[in-house]
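Let's take a walk through this structure together. Have the 3D view open and follow along as we go.

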Amino acid sequence: MWTDEQRRRLVLEHEILQREGFTQFSVYWYRSTDTYEASGAASSNSGRAYSLAIPIPSGFPYQRPPMYLTEPFPLYMFDGTRVSSLGVSHQMHTLAPCSNGFVQLCHWRDARWHSNILLQKVFLKGLLWIEAYEQHLATGRPLAEFVLTMAERA
Amino acid sequence: MGDPQQQQMIREAMKAIAERKPGRSKLVYDKTKRTIVAVVEGAQTPRALNITADDADMFAVVTVSSRWLREQWPQIMRDRVTSTLFSSWDDGDAFTQCNLGIHPAPSIIQGAVLFGDGIEPPDGTQLRVILTPTQNSNLDPSTFVAPDGSTHCAEGRRTSNNSDEAVTAVFVDVQPALATRRAGILETSILSDKSVLVFGVGTGGAHAAIELAKCGVGRLILVDPDRLSVGNVVRHPGGLSQVGRLKVKVVCDLIRDKNPDAQILTHPVALTYANVETMKPLIAQADVVICATDNRPSKLLVNKLCIEANVIAVYGGAFRRAYGGQVLRVRPRQSPCHECFVAAMPEESTDIEVSSVADAEEIAYSDRPVAIEPGLSLDVLPIANMVTKLALMELLAGKPSSLSILKRDFDAPWYLWLNRPEPGTQYASWPPLSESSDEMTINRWYGIYFERDLACSACGDFTSALAASYGIDAASLETLSSLPSKE
Ligand SMILES: [Zn+2]
């Protein structure tokens, strides 16, 4: 199902993650299902541990890949409600959650995605989201206030 | 007007009037008889009202397909009669054979074509078309040439409430008639072997598909999963009587009513990665693909598939509330593709019209909805026309046509049109149309050149260029087994 071009791209994406210092992230190949996933652990400035996962869709890189926050699970907001209960939210910069409840972080929306965007940049947005999330936990203010400068254009 | 002799005189007089030749008789309205009579020219008719050529359209008209009658000819020769159905329009002013088009009138009547006047039509026949052999070589619309070369003149008779009225019979040959009207600009049947695939048959896509069919494009493939809603009707060519039908079916019928010989395939499927295997063979059959969808993911998908299949694609889109629009023509690996366009002009490529709930959801968050703000049909049609014209130019490439001279005019890959200088956009300060001769204004097409990105991820070699920028040998990517694997 994967073209040579897609496989080459994924190998290169992995290589760039390593060379750019994003060594906690890798592109994994699932041998039994012949599927790909980019994932890894992320720790915030305060030292808390998170996990991010990007299942690679069949149309990658022309099709936008979703990014899920898989740990901690479930993920709670300041007031104790689950982040996934918001669904698509501008206040929290989230898109539709995964069927098993993982929160989908907004990196590029479909209307802005294009195939020149690297997974490295997607993970970078994930790291920024985590910092903003911790600001939200500390202050109770919407996450969107802390990511105003996250320009969507690459 | 029951007197057959009188009727024959009237018919001859009508003919003379219609041809604006002086006849031996003319028609007058006889107030005492309260009817129209034919009188010999020069006769004194003091109390009569003269009828002029402008009044000549006085009989109802029955229209019969010549092609159908030629096919029926062996049966007519054998049985002397054949039945058919007619749409009855406008209180019996026009009877159109149902098989000529696809939209029947609310009222349908049974009719028959009879060979000779003495034949008894089947029960329930309300309209008769009676053929009489003629030696007259002057072919008018009421004359039919049979497959055996014999000629026949026809007259119609309408039976209602025990009265018998004359009806003018007209034969039509649909295909030659349509081709004749296109001839001169587009040589007959020059496009009949061409296929166009249209993704999205909303207002713009439907208009483009119908216009191409009118030009004589022989094969159209329509892809759209949506149904026609009441809200669509103010812009879409489909009408209220079609609400609820799949848009591909509505447009298919509109096309068949314009070009009955066009072959039309309809696919009510969404343009998503899940349906890629359905799309690929459709694209492979197409000479040109028109992408008239309004969201980025579907355009990027079409872009990738068309580049892979080496098929030319034309993308059309309206800006929000259709204050303007743009058209991009992509000749794979020769001109910039849609990804090149996105990279070169990020502002223009994301300014899209939000004309449906789905479009709005595409760009909205649930706690910050985007209003549905469709533009006017009037403002979408210039863009749809440009899409059609660019597609037409590609279909005619290499074929002799009077449109070939336009090649130099449609050289640029990207075209911009503004309906109004929308406040808040970079076009707000454009000068008024009437005051400008050398500055950009509304209501004009601008062809704009930009370069193809050789490192484009869709039409170039993005991976190699990117690898090189990291000092990685692109060839090593094929063999790099550095990806960690999991079971
Ligand atoms: Zn390109």
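**A helix, a sheet and a metal site**

Start with helix α4 of chain B, residues 203-215, which lies across strands β12 (195-199), β13 and β15 (288-291) of chain B and runs at about 170 degrees to β13(B). Keep in mind that you're looking at a predicted model.

Those strands belong to something wider: 8 strands of chain B form an open sheet, in the order β14-β13-β12-β15-β16-β17-β18-β19, with mixed pairing. At the edges stand β14 (263-267) and β19 (446-448) of chain B; each has a single partner strand, so one side of each is left without a neighbour in the sheet. From one strand to the next, the twist averages 15 degrees.

Let's zoom in on one pair. Strand β13(B), residues 219-223, runs parallel to β14(B), and the two are joined over 5 bridges. Find Leu222(B) and you'll see that its bridge partner in β14(B) is Thr266(B).

Another helix to look for is α11 of chain B, residues 377-395. It lies across β12, β15, β16 (312-318), β17 (324-330) and β18 (414-418) of chain B, at about 15 degrees to β17(B).

Now for the metal. Which residues coordinate the zinc ion? The SG atoms of Cys337(B), Cys340(B), Cys456(B) and Cys459(B) do, at 2.2 to 2.3 Å. In sequence, these donors follow the spacing C-x2-C-x115-C-x2-C. The site is tetrahedral, with angles of 100 to 119 degrees among its 4 donor atoms. For comparison, the ideal angle for four tetrahedral donors is 109.5 degrees. Cys456(B) is buried, at 1% relative accessible area, and Cys459(B) is buried too, at 2%.

Terms used. Residues numbered from 1 in each chain as written. Chains lettered and ligands numbered in written order. Predicted model: local features only at pLDDT ≥ 70, side-chain atom pairs only at ≥ 80, totals over all residues. Heavy atoms only, no water. Donors = N, O, S within 2.8 Å, 3.2 Å for Na, K, Ca; no water. Tetrahedral: all angles 85-135°; square planar, octahedral: opposite > 155°, others 65-115°. Buried < 20%, exposed > 50% of the residue type's maximum accessible area, 1.4 Å probe, protein only. Pairing = 2+ DSSP bridges. Helix = DSSP H or I, 4+ residues; strand = E, 2+ residues; numbered from the N terminus. Axes fitted to C-alpha atoms, helices over the stretch in contact; angles between N-to-C directions. Contact = heavy atoms within 4.5 Å.
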